[in-house]
Amino acid sequence: MGGQTRTAIVIINIALIVLVLIWSIPTIGLLVSSFRTRFDIQTSGWWSIFPHRAWETVKVVDPKELGLDPDSVMEVEGASGSFEELRQGVESPGGDARVTWVGNKRLGRIEVQKKVWTVNWDFTLDNYRQVVFGSSFEVTRPDGTTETVPGQDMSQAFLNSLAVTIPSTVIPILIAAFAAYAFAWMNFPARRVSFIMVVGLLVVPLQIALVPILSDYNKIGLNGTFLGVWLAHTGFGLALATYLLFNYISTLPRETMESAFIDGASHFTVFTRLVLPLSVPALASFAIFQFLWVWNDYLVALVFLGVDPNFKVVTQRLADLTGTFGNAWHLLTAGAFVTMILPMVIFFALQRFFVRGLLAGSVKG
Amino acid sequence: MAQINAVDDREMGVAARIFAWIGRVFLAVIIPLIAFLAIYAGFIFLRDTHAPRWVMTIVAIIWGVGGIAALFWVFNGIVERLPDEWTQRLQPFVFVGPALVILLWYLTVPVYRTFWLSLFHRDGFPVGFSVFAPWTWPQALQSPAFVGLGNYLAIFSERLLQEAIRNNLMWIVFGSTTSVVMGLIVAWLADRSKFERVSKSLVFLPMAISFVGASVIWNFIYEVRPEGAAQIGLLNAIVVAFGGSPHPWDKWVAIAPWNNLFLIIIVVWLQTGFSMVLFSAALKGIPEEIIEAARVDGATEMQVFLRIMVPYIMGTIVTVWTTIVIFTLKIFDVVWVMTGGQFGTHVIATQFYRQSFTARNSGFGSAIAIILLITVIPVMIYNLRQFRETEAF
């Protein structure tokens, strides 16, 4: 870019860095917290992993040794106050020491704390062990005692999510690719009106279909099965898939296709040997889009998979955790990250295709 | 677009035409049906075995995907063995039929069925009624279950629904506008920075995160502790550090409806990446000469941005804005997980879910779904117009 002064460049970069930080901090906070101990998460913010000044007890003394009278104003390490005030903790005028009386008047002790630079780097994998596996296991509390906690078994939900997501991605692509080829290169009656239907359905909200489809599913026993969810995601993703793949397949070079037909190739051969390989970029774009959509979906799973805990997908399990353990942040942070890890890997590995898909109009209704 | 191997029904006799259509419909219906039955049988088998879960997962995937691929192959084989002219008449329906049948079953027909449902009271249709059997209609229309437009009137008169509509308007106005503006700013800044790739990736990343996951992330940011205790939520920690008092932000009824803004932020965080990517591509498409010419004429960077770049990419801005509007119109997961619709945060989609599946009031729920559909009809018409103009279909 020409025509920019040095100051402008600095301002632009600083503004950008600030925005990027604002966008990244929520995720970083979650990730850091998921590795902190249960006790730490509940008592301090995740940013205490950064160097900060905190009170640390440097000595404990017996008030009698210092000759203090609990019924009068006492002075310890520069901090002074009555018994009641010391019970709450009194800071020295300089602010570098804090004195607290712990216990009752007769048998109490005095703790002297100083502010020191510290980091809280007590990381653990316990949260993940508890969230991922189904079996119970022991966790050690900060005071050294142990406690047996039940596992949340997200690994099963993870497998369920895979079993839901992979067919829900591949099936619509397969069906849509055949349809897109037919719309682009075959002639048949009702072709135009069928395609108008596809375009019209692009923005139809799926809420419109949930109740009728659920009642069909109840009649034929599909409710609560993976098959029902595959078909639902296929139905809801098919219009977009067909539209996108048509846009791509219809622009393939005409000469290539014609020469194949002249050589006696059938439509099926042209489709499988020529069109599918040439359409890999478009197929990949839609695949990533649909994969992320289905993996992250909550509503369709909630309606069609129902309440059987054995078949719940990760988003459902995570939402359940928020409901039942709303304040168990050690479980929620690790659980959230378990649900996010696969989409994030796919996202970073295949970002190029994803962006291309968005630019081609992967905008779901 | 001229077609290869064009066949025209008009060249056929009446009997042949009827045969052709029977064959076509048969193919279109039979492929999904057999696929369905085969997969279903496999499914029952899998459910009743006690194989380890990962084995079941792999078998289910191969079964589902392979089964459908095999069906296309088998039926195409059958049709290709027919006489040439019949192959030409029927083959397109092997290709396009399954897609059309699935779309009809899952989206087109449900519009019609849901509309009918919205005219009836909470328990749905009376016994013996079918939306596909006109001879059952007169009786149903006289039954007490038929409430006409009563459900629609209720939507606009019930307080909870009015609240949902108001909140949804807030979502649309603030959510879409902020996502568009932030996306535009990030795209513009990134375009002239050395860290373009990294910064765009990081802003784009939330697109990969589910709404449920994002809800957990932001719930953690809004976490509130009693005054005086150490705040573990980032927002309250910042507020307290600056001398304020902690609040439960998104669950803070006292500021309703403005507590909705704290939910809207979550979706802005998720959607800005989307608008940024599209704007970034659009900005790169602006010819360098136009911008240079403006600079030579003494325009400031701000003027170049507002007077040249923004008007140039107006088409993209409208598209992105429309997309996010449609998206926020149907917002569900975030609200459902964060607040469950409490604290004055219900939106149309959460009310739809509550009415249809929790309160089991299918008539009312269906009316809400129809309202959702009606609001996107302008976009649908626009899409169809665009399609008619651009394709020589």
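I take two residues to be in contact if their C-beta atoms, placed from the backbone, lie within 7 Å. I need this for the packing entries below, and I note that the model is predicted.

**Entry: helix H16 of chain A**

I looked up H16(A), residues 351-359, and found A:Phe353, A:Phe354, A:Val355, A:Gly357 and A:Leu358 buried. I then asked what these buried residues pack against. In chain A the partners are helix H12 (280-296) and helix H15 (329-349), and chain B adds helix H10 (260-284).

**Entry: helix H8 of chain A**

H8(A) covers residues 207-220, which makes 14 residues. From its first C-alpha to its last I read 21 Å, close to the 20 Å expected at 1.5 Å a residue. I listed the buried residues of H8(A): A:Gln207, A:Ile208, A:Ala209, A:Leu210, A:Val211, A:Pro212, A:Ile213, A:Leu214 and A:Tyr217. In chain A they pack against helix H9 (226-249) and helix H13 (299-304). On the side of chain B, I found H3, helix H15 (348-358) and helix H16 (362-390) packing against them. After H8(A) comes A:Gly221, with a positive phi near 75 degrees.

**Entry: the contact between the chains**

I next looked up how chain B meets chain A. In the model, 98 residues of chain B are in contact with 104 residues of chain A. Which helix gives the largest share of the side of chain B that touches chain A? Helix H3 of chain B, residues 84-117, supplies that share with 19 residues. I sorted the residues of this side of chain B by type and got 68 nonpolar, 21 polar and nine charged.

**Entry: the sheet in chain A**

I traced an open sheet of four strands in chain A, in the order S1-S6-S5-S4, with antiparallel pairing. Why do S1 and strand S4 (90-91) of chain A each have one side left without a neighbour in the sheet? Both stand at the edges and each has a single partner strand, so one side of each is left free of a neighbour there.

Strand S1 (residues 52-61) of chain A is joined to strand S6 (residues 109-118) of chain A by nine bridges. On S6(A), A:Lys115 is the residue that A:Trp55 stands opposite.

Strand S5 (residues 97-102) of chain A pairs with S6(A) in the antiparallel sense over six bridges. I noted two facing pairs: A:Trp101 has A:Ile110 as its bridge partner in S6(A), and A:Val102 stands opposite A:Arg109. The hairpin of S5(A) and S6(A) has six residues between the strands, and A:Gly103 there takes a positive phi near 105 degrees.

**Entry: domains of chain B**

The domain assignment gives chain B two entries, domain 1 (9-98) and domain 2 (159-390). I found their C-alpha centres 42 Å apart.

**Entry: confidence**

The model scores ipTM 0.87 and pTM 0.86. For chain B the mean pLDDT is 85, with 94% of its residues at 70 or more. Where in chain B is confidence lowest, and where is it highest? The lowest is in helix H1 (residues 14-48) of chain B, at a mean of 75, and the highest in helix H8 (residues 211-222) of chain B, at 92. Over residues 1-6 of chain B, pLDDT stays under 50, and the model has nine contacts for them beyond four places in sequence.

Conventions
Residues numbered from 1 in each chain as written. Chains lettered and ligands numbered in written order. Predicted model: local features only at pLDDT ≥ 70, side-chain atom pairs only at ≥ 80, totals over all residues. Nonpolar A, V, L, I, M, F, W, Y, C, P; charged D, E, K, R; others polar. Domains from an automatic or database assignment. Expected span 1.5 Å × (residues − 1). Buried ≥ 20, exposed ≤ 12 C-beta atoms within 10 Å, placed from the backbone. Pairing = 2+ DSSP bridges. pLDDT = per-residue confidence, 0-100.
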